[in-house]
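This report introduces a single protein chain to a reader who has not met it before. Please keep the sequence and the model in view while reading.

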Amino acid sequence: MANVTIFCPKTKSNVRVWVSEAQPGDSADAYDAVTCPGCGRLHFVNKATGKTLSDKIKPKPTIRR
């Protein structure tokens, strides 16, 4: 297991979580579901890169009227 720091979008802070290490047979898109110690929700962390699934999603622009 590896200890990685991820960004929690709910609390808008960095948190440390444990992620199982990538195995030789895992694909590059293998994610681990971890419980966030900051908000208590599940975040999906890539085993190879340590980035969350939400890092792939671009935020929608805010439209101000």
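## A buried cysteine

In this predicted model, Cys 36 counts as buried, at 3% relative accessibility. Leaving aside neighbours within four places in sequence, Cys 36 is in contact with Cys 8, Val 15, Arg 41 and His 43. Cys 8 is likewise buried, with a relative accessible area of 0%.

Is either of these cysteines part of a bonded pair, or how many disulfides does the structure hold? The number is zero. A disulfide is a covalent bond between the sulfur atoms of two cysteines. The sulfur of Cys 36 has its closest cysteine sulfur in Cys 8, 3.8 Å away, and this is too far for a bond; the cut-off applied here is 2.5 Å. Cys 8 is in no disulfide either, since the nearest cysteine sulfur, that of Cys 39, is 3.7 Å away and a disulfide requires sulfur atoms within 2.5 Å.

## Overall architecture

The chain contains four strands and zero helices. Read along the sequence, its elements follow the pattern β-β-β-β.

Of the 65 residues, 23% count as buried. The chain exposes about 5,100 Å², and carbon and sulfur atoms supply 54% of that area. Among contacts between residues at least 6 apart in sequence, 24% join residues at least 24 apart.

## The hairpin of E1 and E2

Strand E1 covers residues 2–8 and strand E2 covers residues 13–19; the two pair in the antiparallel sense over seven bridges. Within this pairing, Val 4 of the model stands opposite Val 17 in E2. The two strands form a hairpin with four residues between them. Lys 12 is found in the loop that links E1 and E2, and its phi is near 55°, a positive value in a residue other than glycine. Most residues other than glycine have a negative phi. Lys 12 is also exposed, with a relative accessible area of 62%.

Thr 5 lies in strand E1 and counts as partly exposed, at 40% relative accessibility. Not counting residues up to four places away in sequence, Thr 5 touches Asn 14, Val 15 and Arg 16. With Arg 16 there is a polar contact between the two side chains, at 2.6 Å. Thr 5 and Gly 50 are 45 residues apart in sequence, yet their C-alpha atoms are 7.8 Å apart in space.

## The hairpin of E3 and E4

Strand E3 (31–35) pairs in the antiparallel sense with strand E4 (residues 42–46), over five bridges. Thr 35 has Leu 42, in E4, as its bridge partner. Six residues lie between the two strands of this hairpin, and Gly 40 in the turn has a positive phi of about 85°.

In a regular strand the side chains alternate between the two faces of the sheet. Which residues of E3 point to the buried face, and which to the other? Asp 32 and Val 34 point to one face and are buried, whereas Tyr 31, Ala 33 and Thr 35 point to the other and are not buried.

Before E3, the loop that follows E2 holds Asp 29. Asp 29 is in contact with Asn 46 and Lys 56, leaving aside its neighbours within four places in sequence. The C-alpha atoms of Asp 29 and Val 45 are separated by 9.7 Å, with the two residues 16 apart along the chain.

## The nonpolar core

The largest nonpolar core has nine residues in all: Val 4, Ile 6, Cys 8, Val 15, Val 17, Val 19, Val 34, Cys 36 and Val 45. E1 and E2 each supply at least two residues of this core.

Several residues described above belong to this set. Val 4 and Val 17 are both members, and they are the pair that stand opposite each other across E1 and E2. Val 34, one of the buried residues of E3, is a member as well. The two cysteines with which the report began, Cys 8 and Cys 36, are part of the core, and they are in contact with each other.

Notes
Residues are numbered from 1 along each chain as its sequence is written. This is a predicted model: local features need pLDDT of at least 70, side-chain atom pairs count only at pLDDT 80 or more; totals for chains, interfaces and linings use all residues. Side-chain values use heavy atoms; hydrogens and water are left out. Two strands pair if DSSP finds at least two bridges between them. Contact means heavy atoms within 4.5 Å. A nonpolar core is a set of buried Ala, Val, Leu, Ile, Met, Phe, Trp, Tyr and Cys residues joined through side-chain atoms within 4.5 Å. Buried means under 20% relative accessible area, exposed over 50%, partly exposed in between (1.4 Å probe, protein chains only). Accessible areas come from the Shrake-Rupley method with a 1.4 Å probe; for residues, only the protein chains shown count as cover. A polar contact is a pair of N or O atoms within 3.5 Å; within protein, one must be able to donate a hydrogen and the other to accept it, and residues adjacent in sequence count only if both atoms are side-chain atoms.
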